[in-house]
Amino acid sequence: MCTTISHTTAVTGAGKGAAGWFPVSQATVAYDHPASYHGSDHALLIDFADYARGTDARVAVELDLDSGRALLEQLRTAIAAAEASGV
């Protein structure tokens, strides 16, 4: 069953694809059927993209829920450390 869970936000950064580095302007996080990950019928789907450059300017990741939780915690820890560093 499709979940239709999908959230998109504007971001500023860069991603590396088959053709090299490109700007990233959008991130989408979804929970639905994975295209490649075979660990489950559903996965967290994370896309970093600049669709103005076409579909080749996209980096996609598929994770199980435990990996998503671990990644979220590490993101929180890194952001807190960066803010505390004053750099």
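Me: Why do the side chains of arginine 69 and aspartate 66 count as a salt bridge?
Reply: Their N and O atoms are 2.8 Å apart. A salt bridge is a side-chain nitrogen of Lys or Arg within 4 Å of a carboxyl oxygen of Asp or Glu, so the pair qualifies. This is a predicted model, in which local features need pLDDT of at least 70 and side-chain atom pairs count only at pLDDT 80 or more, while totals for chains, interfaces and linings use all residues. Residues are numbered from 1 along each chain as its sequence is written, and side-chain values use heavy atoms, with hydrogens and water left out.

Me: Why are arginine 69 and aspartate 66 separated by about one helical turn?
Reply: Because they are three residues apart in helix 1. Helices here are DSSP runs of H or I with at least four residues, strands are runs of E with at least two, and both are numbered from the N terminus.

Me: How many salt bridges does the structure hold?
Reply: Three. One of them joins aspartate 47 and arginine 58, at 3.1 Å from N to O. This pair links distant parts of the chain, with aspartate 47 in strand 3 and arginine 58 in strand 4, eleven residues apart. Another joins aspartate 50 and arginine 53, whose closest N and O atoms are 3.2 Å apart.

Me: Why is aspartate 47 called buried?
Reply: Its relative accessible area is 16%. Buried means under 20%, exposed over 50% and partly exposed in between (1.4 Å probe, protein chains only), so aspartate 47 is buried.

Me: What makes arginine 58 partly exposed?
Reply: Its value of 37% falls between the two limits.

Me: Are aspartate 50 and arginine 53 buried or exposed?
Reply: Aspartate 50, at 11%, is buried, whereas arginine 53, at 54%, is exposed.

Me: How do you know which strands are the edges of the sheet of four strands?
Reply: The sheet is open, with the order 1-2-3-4 and antiparallel pairing. Strand 1 (5–17) and strand 4 (58–63) are the edge strands, since each pairs on one side only, where pairing requires at least two bridges found by DSSP.

Me: What makes strand 1 and strand 2 a pair?
Reply: Strand 1 and strand 2 (residues 20–32) share eleven bridges in the antiparallel sense, against a required minimum of two. Glycine 13 stands opposite valine 24 in strand 2.

Me: Why does leucine 75 count as partly exposed?
Reply: Leucine 75, which lies in helix 1, has 45% relative accessibility, and that value is not under 20% or over 50%.
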